[in-house]
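Let's take a walk through this structure together, beginning where protein meets nucleic acid and ending with the overall form of one chain. Keep the 3D view open as you read.

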2 protein chains.
Amino acid sequence: MFRILVVEDDKELNRTVCTYLNQNGYEAVGCLSAGEAYDAMYGGSLFDLIVSDIMMPDVDGFEFARTVREQDQEIPILFMTARDDFASKQKGFKTGIDDYMVKPVDLDELLLRIGALLRRAKIVSSHKLEIGKLVLDADERSAYLDGEEIPLTVREFNLIYKLLSYPKKTFTRSQLMDEFWDGDTSSGLRTVDVYMTKLRSKFSGCEEFQIVTVHGLGYKAVLK
Amino acid sequence: MFRILVVEDDKELNRTVCTYLNQNGYEAVGCLSAGEAYDAMYGGSLFDLIVSDIMMPDVDGFEFARTVREQDQEIPILFMTARDDFASKQKGFKTGIDDYMVKPVDLDELLLRIGALLRRAKIVSSHKLEIGKLVLDADERSAYLDGEEIPLTVREFNLIYKLLSYPKKTFTRSQLMDEFWDGDTSSGLRTVDVYMTKLRSKFSGCEEFQIVTVHGLGYKAVLK
DNA sequence: TTGAAACTTAAACATTTCGTTAACAAATCT
DNA sequence: AGATTTGTTAACGAAATGTTTAAGTTTCAA
């Protein structure tokens with residue numbers, strides 16, 4: 001689920017945009033000023049994309065975007081503004097925004113452009129799972145503990161990646177087999193047990209998590 | 001220097017755009033049809049970004065973009081078209097384009113948007129890959145180790161360039177075939193293995209990297 | 001057009017790696 | 001305690017990969 005921060009001082013428009021985004025599969029959070037937006041961002045909430053107006057009561061959009069960019073080079077920023085002059089567009093793009101839409105915006109087109117930006121941003125960010133000193137990289141299909149690689153076979157990696165993607169969630173042997181053995185449960189379910197032993201052994205030096213047996217059900221990873 | 005492919009059947013507009021891009025620090029190549037564009041791309045030239053019209057004599061922009069996306073998920077594509085209807089925009093973004101501008105386009109805004117896309121795509125400004133004593137030049141399609149050329153065929157070069165562009169990232173045989181054999185997987189996937197053997201042999205004197213087999217998945221290049 | 005060289009690919013065989021099973025030990029539940 | 005579930009290990013066999021060869025294909029110059 002992608003989280004989108006909407007910074008727009010027009011209450012009604014803000015509400016309209018957020019509602020529309022929420023109806024279309026995003027989790028939108030509306031802010032009426034840059035100050036509010038800072039609070040939302042650094043209050044622990046992580047966002048995947050920012051939609052921002054330019055003219056706002058406290059800090060303007062340019063300044064807001066610049067500040068954000070200093071801290072985060074990656075997050076896509078889309079300006080949604082009434083200003084249709086080239087100078088504003090230039091200023092915006094120069095501060096590092098990714099798209100610029102002129103009001104009144106077609107909400108459906110906004111959706112399309114948000115989709116394109118998220119797709120693009122996602123390509124760049126690698127699929128990593130970081131838990132303390134442990135890093136699982138889905139592109140490399142390798143695990144690093146404190147920088148040192150732990151060699152894993154394909155199935156081993158798939159299993160541990162799955163478990164760690166949903167900590168505390170219990171997976172039955174059948175679920176795991178269905179997913180990583182192409183639904184071919186002809187090989188006995190006990191094979192999963194063997195893999196758990198292998199994983200426990202390979203990650204014995206890792207204090208970040210633990211593979212826990214749920215008797216009668218299956219296995220789960222629990223973070224320490 | 002960024003290279004931009006401009007696909008636009010209106011000769012005059014094509015010329016105008018290319019000239020403007022060239023005057024602003026890019027290296028633009030104009031094509032009057034999708035067919036021409038394919039030739040330009042497959043002819044060994046590497047492009048960093050594509051600007052394309054939708055309505056064209058042979059294959060339309062949607063089809064063109066789709067074909068390009070099948071082979072290359074990364075290259076930014078910008079549509080520049082007279083069509084201002086939502087359906088076209090939707091169709092475009094769904095095929096994976098990154099931006100959509102309605103004619104008549106302001107060339108200065110085009111520049112801004114191209115700049116934003118290139119920044120986002122994080123493309124390095126060169127088609128050279130330098131790793132220690134090893135140099136791969138994508139324009140020349142040649143490899144130099146310590147100044148001495150290592151002769152490579154087109155397929156050999158494509159493969160090693162791809163692997164080294166994403167060190168540690170694992171590529172499946174299918175991925176590589178899809179990309180460098182025009183999606184023609186009729187030739188057995190084992191062909192890839194043969195090429196890996198050849199590459200390992202040709203780069204046996206190279207201590208900068210190593211081609212590593214990921215059993216059950218494919219291959220990756222690991223820097224030493 | 002023709003021949004030579006370079007390139008590509010299928011096939012065959014050698015080699016390596018991995019997955020599975022089976023057996024027994026240990027733990028857990030009733 | 002007895003039954004069931006789970007932990008662990010090692011060995012076998014299957015599958016994936018490495019490599020070479022030879023035959024087919026393309027390219028290019030004469």
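A good place to start is the surface near DNA strand C, whose residues divide by class into six nonpolar, 10 polar and four charged. Please keep in mind that this is a predicted model. In total, 20 residues surround DNA strand C, and the closest are Trp181(A), Tyr195(A), Thr153(B), Trp181(B) and Tyr195(B). Helix H8 of chain A and helix H8 of chain B each supply at least two residues of this surface.

Which parts of DNA strand C come within 4 Å of the protein? Sugar or phosphate makes up 88% of those atoms, and the rest belong to bases. A few contacts from chain B let you see this at the level of single atoms. A polar side-chain atom of Trp181(B) lies 2.8 Å from a phosphate oxygen of DNA strand C. Thr191(B) also points to a phosphate oxygen of this strand, with a side-chain N or O atom 3.5 Å from it. For Tyr195(B), the partner is a sugar or linking oxygen of DNA strand C, 3.0 Å from an N or O atom of the side chain.

Now turn to the other DNA strand discussed here. DNA strand D is surrounded by 24 residues, the closest being Thr213(A), Gly216(A), Tyr219(A), Thr213(B) and Tyr219(B). Of the atoms of DNA strand D that come within 4 Å of the protein, 58% belong to sugar and phosphate. The surface near DNA strand D has eight nonpolar, eight polar and eight charged residues. Helix H8 (190–202) and strand E11 (209–214) of chain A, along with helix H8 (190–202) and strand E11 (209–214) of chain B, each provide at least two of its residues.

Three side chains of chain A are worth finding in your viewer. Arg190(A) has a side-chain N or O atom 2.8 Å from a base nitrogen of DNA strand D. Thr213(A) places a side-chain N or O atom 2.5 Å from a phosphate oxygen of DNA strand D. Tyr219(A) likewise has a polar side-chain atom 2.5 Å from a phosphate oxygen of that strand.

Tyr219(A) also leads us into the protein itself. In strand E12(A), Tyr219(A) is the bridge partner of Phe171(A). Strand E10(A) is joined by two bridges to strand E12 (residues 218–223) of chain A, and the two run antiparallel. They belong to an open sheet of three strands in chain A, ordered E10-E12-E11, with antiparallel pairing. Strand E10 (171–172) and strand E11 of chain A stand at the edges, each with a single partner strand, so one side of each has no neighbour in the sheet.

Elsewhere in chain A, two hairpins share strand E7(A). Strand E6 (residues 128–131) of chain A pairs with E7(A) in the antiparallel sense over four bridges, and Glu130(A) stands opposite Val135(A) in E7(A). Two residues lie between the strands of this hairpin, where Gly132(A) takes a positive phi near 60°. E7(A) is also joined by four bridges to strand E8 (residues 142–145) of chain A, again antiparallel. Here Leu134(A) has Leu145(A) in E8(A) as its bridge partner. The hairpin of E7(A) and E8(A) has four residues between its strands, and Arg141(A) in the turn has a positive phi of about 55°.

Are the two faces of E7 (residues 134–137) of chain A covered or open? Both are covered: Leu134(A) and Leu136(A) are buried on one side, and Val135(A) and Asp137(A) are buried on the other.

What about the cysteines? The structure holds zero disulfides over all chains. Cys31(B) is in no disulfide, and the nearest cysteine sulfur, that of Cys18(B), is 8.4 Å away. Cys31(B) counts as buried, at 2% relative accessibility. Over in chain A, Cys206(A) is buried too, with a relative accessible area of 3%.

Finally, step back and look at chain A as a whole. Chain A has eight helices and 12 strands. Its radius of gyration is 23 Å, well over the 17 Å that the globule rule gives for 224 residues, so chain A is more spread out than a compact globule. The C-alpha trace of chain A spans about 65 × 35 × 25 Å along its principal axes. Of the 224 residues of chain A, 47% count as buried.

Key:
Residues are numbered from 1 along each chain as its sequence is written. Chains are lettered from A and ligands numbered from 1 in the order in which they are written. This is a predicted model: local features need pLDDT of at least 70, side-chain atom pairs count only at pLDDT 80 or more; totals for chains, interfaces and linings use all residues. Side-chain values use heavy atoms; hydrogens and water are left out. A residue is near a molecule or strand if one of its heavy atoms lies within 4 Å of it. A polar contact is a pair of N or O atoms within 3.5 Å; within protein, one must be able to donate a hydrogen and the other to accept it, and residues adjacent in sequence count only if both atoms are side-chain atoms. Ala, Val, Leu, Ile, Met, Phe, Trp, Tyr, Cys and Pro count as nonpolar, Asp, Glu, Lys and Arg as charged, and the others, Gly among them, as polar. Buried means under 20% relative accessible area, exposed over 50%, partly exposed in between (1.4 Å probe, protein chains only). Two strands pair if DSSP finds at least two bridges between them. A disulfide is a pair of cysteine sulfur atoms within 2.5 Å. The radius of gyration is taken over C-alpha atoms; the globule rule is 2.2 Å times the number of residues to the power 0.38.
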